[in-house]
Amino acid sequence: MVSIYEALYKEEDRQELININNLNPVTYNEKYKGNLYCTITNCTAKLSFVSRNGISNHFRTWRESPHIETCLYYFEKTKSREGRRTEGRVTGYASDERIKKSLREAFVLEMMSEEQRRKRLERDRERRRKREREKIRGTKDITPEHRIASNPEEIDETTVTDSFRLFKKSADMLKETDLDHTRTVTGKLKKVEINNPENVVIQVEKNNVDVDIKFEEVFFAVNNHYKGLFRFLDRFFRENINLIFSATGEVRYSKITERYEIMVYTSVGFLVHGKTLESIAAEYTIRDNENS
Ligand SMILES: [Zn+2]
């Protein structure tokens with residue numbers, strides 16, 4: 001799907017071209033909401049403004065108002081398995097237990113041979129198909145799109161949990177359709193950048209594709225005791241080779257680095273070669289005490 005960064009604002013008898021960079025949630029809500037349209041000639045698709053902390057803002061097409069087939073932004077609606085259109089979107093979140101399980105599985109998968117991995121994925125797919133067939137038989141509801149949010153600002157007591165699938169992806173498999181969604185992403189640990197105690201960027205790589213795993217203020221606000229811990233990760237990285245790093249967080253895209261980024265918000269949201277950062281830190285602390 002092609003991202004949309006321009007929209008037409010239509011008032012009664014005039015229209016104005018709006019660039020995504022000239023919008024913010026406040027002006028959008030006050031003025032433009034409900035009056036933004038596709039810019040392509042003859043296309044009347046309605047657009048809404050999606051703001052992701054100013055990093056990957058874009059316009060989203062209203063589900064009920066598709067682009068005409070000749071439009072650059074036209075896309076086939078995703079059909080659910082039994083051929084019905086998916087409508088609406090449900091946002092949920094994954095529990096700590098699910099995130100931990102997903103990260104452990106990602107590590108195990110990464111350590112497997114190509115053949116073992118292929119068999120495992122095929123088995124999982126078959127199980128899922130079976131489950132879904134059973135589910136469909138019992139329900140006639142419309143299937144909404146499922147999105148897992150990670151940002152604590154988006155999660156409250158009404159957010160549903162644990163009914164959605166948490167997708168695992170290797171760093172080179174991220175696509176535009178993963179944007180804004182929570183994914184478990186895995187790659188080889190390539191770089192540890194501690195910019196300041198509240199800003200850490202971990203670079204991972206798979207098949208020459210780099211992804212930045214980001215730990216920012218929101219992460220450290222909730223997990224204050226992690227502020228000094230990442231230096232142990234840096235040390236672990238310098239003392240070991242071929243470390244596998246997995247993280248669960250929301251997918252963004254940086255136009256500056258032209259890389260996908262994973263925003264991590266929870267302390268259980270990452271594993272370093274199958275270990276937690278806390279356990280690595282504890283091992284080093286014990287070792288340092290013994291040596292002193
Ligand atoms: Zn259009």
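The legends below describe an overview and several close-up views of a predicted model.

**Figure 1. Overview of the protein chain in the predicted model.** The secondary structure of the chain comes to six helices and 15 strands. Of its 292 residues, 40% count as buried. Among the contacts between residues at least 6 apart in sequence, 62% join residues that are at least 24 apart.

**Figure 2. Close-up of an aromatic cluster that includes Phe-219, Phe-220 and Phe-230.** The structure holds 17 aromatic pairs, and one of them is formed by Phe-219 and Phe-220, whose rings are arranged edge-to-face, with 5.0 Å from centre to centre and 85 degrees between the planes. Both Phe-219 and Phe-220 are buried. Phe-220 also forms an edge-to-face pair with Phe-230, for which the centre-to-centre distance is 5.9 Å and the angle between the planes is 70 degrees. Because Phe-220 lies in helix α4 (residues 217–222) and Phe-230 in helix α5 (residues 230–239), this pair ties together parts that are 10 residues apart in sequence. Phe-230, like Phe-220, is buried. The one cluster to which these rings belong is made up of Phe-215, Phe-219, Phe-220, Tyr-226, Phe-230, Phe-245 and Phe-270.

**Figure 3. Close-up of two places where the charged end of a lysine sits over an aromatic ring, at Trp-62 and at Tyr-5.** In one of these places, the charged end of Lys-46 sits over the ring of Trp-62, at 4.6 Å from the centre of that ring. In the other, the charged end of Lys-255 sits over the ring of Tyr-5, and here the distance to the ring centre is 4.6 Å.

**Figure 4. Close-up of helix α2, which covers residues 96–111.** The helix has 16 residues and reaches 23 Å from its first C-alpha to its last, which is close to the 22 Å expected at 1.5 Å a residue. Its buried residues are Ile-99, Ser-102, Leu-103, Ala-106, Phe-107, Leu-109 and Glu-110. Seen down the axis of α2, these buried residues fall within an arc of 165 degrees, and they therefore line one face of the helix.

**Figure 5. Close-up of Thr-61, a residue of strand β5 (residues 58–61).** With a relative accessible area of 13%, Thr-61 is buried, since the limit for a buried residue is under 20%. The side chain of Thr-61 makes a polar contact, at 2.8 Å, with the side chain of His-67. When neighbours within four places in sequence are left aside, Thr-61 is in contact with Ile-4, Ala-45, Lys-46, Leu-47, His-67 and Phe-75. Lys-46, one of these contacts of Thr-61, is also the residue whose charged end sits over the ring of Trp-62.

**Figure 6. Close-up of Ser-254, which has its place in strand β13 (residues 244–254).** Ser-254 has a relative accessibility of 8% and so counts as buried. A polar atom of the Ser-254 side chain lies 3.2 Å from the backbone nitrogen of Ile-256. Not counting residues up to four places away in sequence, Ser-254 touches Arg-259 and Glu-261.

**Figure 7. Close-up of Lys-175, in the loop between β9 (167–170) and β10 (182–196).** The relative accessibility of Lys-175 is 46%, and so this residue counts as partly exposed. Lys-175 touches Lys-169 and Tyr-260, when residues up to four places away in sequence are not counted. The C-alpha atoms of Lys-175 and Tyr-253 are separated by 9.8 Å, while the two residues are 78 residues apart along the chain.

**Figure 8. Close-up of two asparagines with positive phi, Asn-42 and Asn-207.** Most residues other than glycine have a negative phi. Asn-42, however, has a phi near 70 degrees, a positive value in a residue other than glycine. Asn-42 is found in the loop between β3 (36–37) and β4 (46–50), and at 66% relative accessibility Asn-42 counts as exposed. Asn-207 has a positive phi of about 45 degrees although it is not a glycine. This second asparagine, Asn-207, lies in the loop between β11 (199–206) and β12 (209–215), and Asn-207 counts as exposed at 56% relative accessibility.

Notes:
Residues numbered from 1 in each chain as written. Predicted model: local features only at pLDDT ≥ 70, side-chain atom pairs only at ≥ 80, totals over all residues. Heavy atoms only, no water. Phe/Tyr/Trp six-rings, centres within 6.5 Å; stacked < 30°, edge-to-face > 60°. Buried < 20%, exposed > 50% of the residue type's maximum accessible area, 1.4 Å probe, protein only. Helix = DSSP H or I, 4+ residues; strand = E, 2+ residues; numbered from the N terminus. Lys NZ or Arg CZ within 6 Å of the ring centre and 35° of its normal. Expected span 1.5 Å × (residues − 1). Arc of directions from axis to C-beta. Polar contact = N/O pair within 3.5 Å; in protein donor to acceptor, adjacent residues only side chain to side chain. Contact = heavy atoms within 4.5 Å.
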